[in-house]
Amino acid sequence: MAMTESKLEAWLDETRSFAPSPEFAQQANAQPSIYDEANADPVAWWRKEADRLTWTTAPTHSLDWDLPNAKWFSDGTLNASYNCVDRHVEAGKGDKVAYHWIGDAEGESRTITYAELKKMVARTANALTELGVKSGDRVAVYMPMIPEAVVAMLAIVRLGAVHSVVFAGFSADALSSRILDSDCQFVVTADGAFRRGTASPLKPAVDEALESCPNVKAVLVVRRTGGDVDWVEGRDHWWHTLVDRQSDQHAYESFPSEHTMFIMYTSGTTAKPKGIFHTTGGYLTQCATTHHYIFDVKPETDVCWTAADIGWVTGHSYIVYGPLVNGVTQVMYEGLPDSGGKDRWWRIIEQNKVTILYTAPTTIRTLMKWGPQYPDGNDLSSLRLLGTVGEPINPQAWMWYREHIGGNRCPIVDTWWQTETGAIMITPLPGITSTKPGAAMTPFPGIGVDVVDNDGNSVGNGEGGYLVITNPWPAMTRGIYGDPERFQETYWSRFPGKYFAGDGAKRDEDGDLWLLGRIDDVMNISGHRLSTTEVEHALVGHPAVAEAAVVGAFDETTGQAIVAFVTLKLTADDAAKDQVLVIEELRTHVAKVISPIARPRQIILTPDLPKTRSGKIMRRLLRDVAENRQLGDVTTLTDPTVVNMISELMGTESTSED
Ligand code: WTA
């Protein structure tokens, strides 16, 4: 029986933490001495961990640090794709399964061994070379969750080119702005994707995006859904004709450790997404090291399932690079949690004997809402460790995960990190750390974390403040593509000498860390980062909109949801329109301009917005309104009655939910 939130709180007060089980501790990859070893000399410790990789030239140099610019293992050379694939085959593990790929449709699956993966990557690298891709070129990847997406990423980095994976749920506009920002000259995509049995097209979005991207020379297209697609002769190439006819051998080149490996766009506080870029040696080292200790992977026996999309950093670090460097077997799933029924996930775990599951709190809350009968009806006894990422997890969801999925025996690792950090930074270590429902607990060995007040001073136990990172770490972003000033300004100037993450955090009475969510204008919708300005920008791009203010309001399932306050340019046409229609039109407009994940849950049409005397929109007040809280101080408002008026409008507007 699930407890009510208040009972749970009372109970947590008494129990507070779960000690690691002695059996788990005994066999764990991480032993308690790891903290002392790593923290005594983090740079030396990371250098030792870098030996998880096969270097063509072993680095003799570990860190060059000229704040905010770090270089890790700078005189080392290596090939990322060789480290993920070839070396496992050379070590005699070619027959080991790399991916059990499971399609959206019931019964559709593919098993790909490391030997097969090596051939696929070689063919694709040869095909990309034929298209003209060279070291340093940027290649956009806009793909559904199919094995070819991973193969494309590995083939791109094998050539020393740079992938920029754009989540396939993003619109044509979002895709083109990302292609333009990093001047990608190549795109890898598919004709479409399957979602709960329905084919949805992808290629038309690419065609539309490329109308404004004249530098794109070639598009490689996987046939996934079938059916007609528009074709630009000379530019577009089918994967099954071009890739399949290539040799399955490819001699790789080695690149310096600091060679750029990929760009991943993420929302900041302005309307323009930031192209966070990562380099090779340090990134791969931290992905492999964190994956080894935090998920306690035993490559011979474990089956890891990171239930994320390769369009986000979690997919990069824990579906592709960390697990492949470590040579483990994974499940990769194309569909939604309820493609083929609300028990689909649990059947996947039972059938594939998944041992390690990593997912987001928002998904756990959705699964929890559907009810325990779905997991309870399946044999989940293969599971031995659970992880979460992407947003703060509420204790209720944590407890449900522990009880119904983990059978009260699996340790849970709540892992905090960001696109910018490249790999996990704050987490319990299974077998060592006692866990508390809702807390990410402790910095990973070798990582320096602090919680500081407004002036940058460390807060004491029991106090909250801003999360900062105090030392360089191997997987840290090397910057914002093409914008070093914004990099310095966004992350390194708020607290000089420290990396400012943009998150609030608390140290509890025991000194353990709790993450409290973003403190800037970045919203976290189902674990997806979106900036309020990005959505406002999309809204004011609609001809009927005069002004828009967007806030992230609490939502039981998605963590936060988008609430937009909009004033209209009232043309006679608009005035004649039904308000509900206008609202629907605006919601659809935002989904089209950015992505369906950015579709506002609620839009409130208001004659005015609350502004300070200096003309700034008071988002804090609007957040209070959106979350039905008592309004704070409104004395700096030009017109305090605006807020009351909006509150009244909120009461009368219907919430339109999808
Ligand atoms: C949030 C995802 C609380 C946080 C890997 C961070 C979390 C942002 C956690 C990064 C967690 C991530 N607890 N909050 N365990 N993990 N976050 O770049 O606000 O998509 O700044 O990277 O997600 O999101 P991003």
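In this predicted model, seven strands make an open sheet with mixed pairing, ordered E5-E4-E17-E16-E18-E19-E20. Strand E5 (109-113) and E20 are the edges; each has a single partner strand, so one side of each is left without a neighbour in the sheet. From one strand to the next, the twist averages 15°. A second open sheet has eight strands. The ligand is 96% buried by the protein.

**Seven-strand sheet**

- Strand E4 (residues 97-102) pairs with E5 through five bridges, in the antiparallel sense.
- Trp101 has Arg110 of E5 as its bridge partner.
- Helix H16 (residues 395-405) lies across three strands of this order: strand E18 (356-359), strand E19 (385-389) and E20.
- The direction of H16 is at about 155° to E19.

**Eight-strand sheet**

- The strand order is E12-E11-E8-E6-E7-E14-E15-E23, and the pairing is mixed.
- Strand E12 (236-238) and strand E23 (479-480) are the edge strands, and each pairs on one side only.
- Strand E15 (residues 274-279) and E23 run antiparallel, joined by two bridges.
- Across that pairing, Phe277 has Gly479 of E23 as its bridge partner.

**Helices on the eight-strand sheet**

- Helix H7 (residues 147-158) packs on the sheet and touches strand E6 (138-142), strand E7 (162-165), strand E8 (186-190), strand E11 (218-222) and strand E14 (260-266).
- H7 makes an angle of about 150° with the direction of E7.
- Helix H9 (residues 203-210) lies across E6, E8, E11 and E12.
- The run of H9 is at about 155° to E8.

**Ligand shell**

- There are 17 residues around the ligand, and Asp414, Thr415, Thr419, Asp503 and Arg529 come nearest.
- By class, the shell holds six nonpolar, six polar and five charged residues.
- Helix H12 (313-325), strand E20 (412-415) and strand E25 (513-518) each give the shell at least two residues.
- E20 thus appears twice here: as an edge of the seven-strand sheet and as a supplier of shell residues.

**Polar contacts and burial of the ligand**

- Asp503 places a polar side-chain atom 2.7 Å from an oxygen atom of the ligand.
- In the side chain of Gln418, an N or O atom is 2.9 Å from an oxygen atom of the ligand.
- Pro392 contributes through its backbone: a polar atom there is 3.4 Å from a nitrogen atom of the ligand.
- Taken alone, the ligand exposes 530 Å², and the protein buries 96% of that.

Key: Residues are numbered from 1 along each chain as its sequence is written. This is a predicted model: local features need pLDDT of at least 70, side-chain atom pairs count only at pLDDT 80 or more; totals for chains, interfaces and linings use all residues. Side-chain values use heavy atoms; hydrogens and water are left out. A residue is near a molecule or strand if one of its heavy atoms lies within 4 Å of it. A polar contact is a pair of N or O atoms within 3.5 Å; within protein, one must be able to donate a hydrogen and the other to accept it, and residues adjacent in sequence count only if both atoms are side-chain atoms. Accessible areas come from the Shrake-Rupley method with a 1.4 Å probe; for residues, only the protein chains shown count as cover. Helices (H or I, at least four residues) and strands (E, at least two) are DSSP runs, numbered from the N terminus. Ala, Val, Leu, Ile, Met, Phe, Trp, Tyr, Cys and Pro count as nonpolar, Asp, Glu, Lys and Arg as charged, and the others, Gly among them, as polar. Two strands pair if DSSP finds at least two bridges between them. Axes are lines fitted to C-alpha atoms, for helices over the stretch in contact, and angles run from 0 to 180 degrees between N-to-C directions. Contact means heavy atoms within 4.5 Å.
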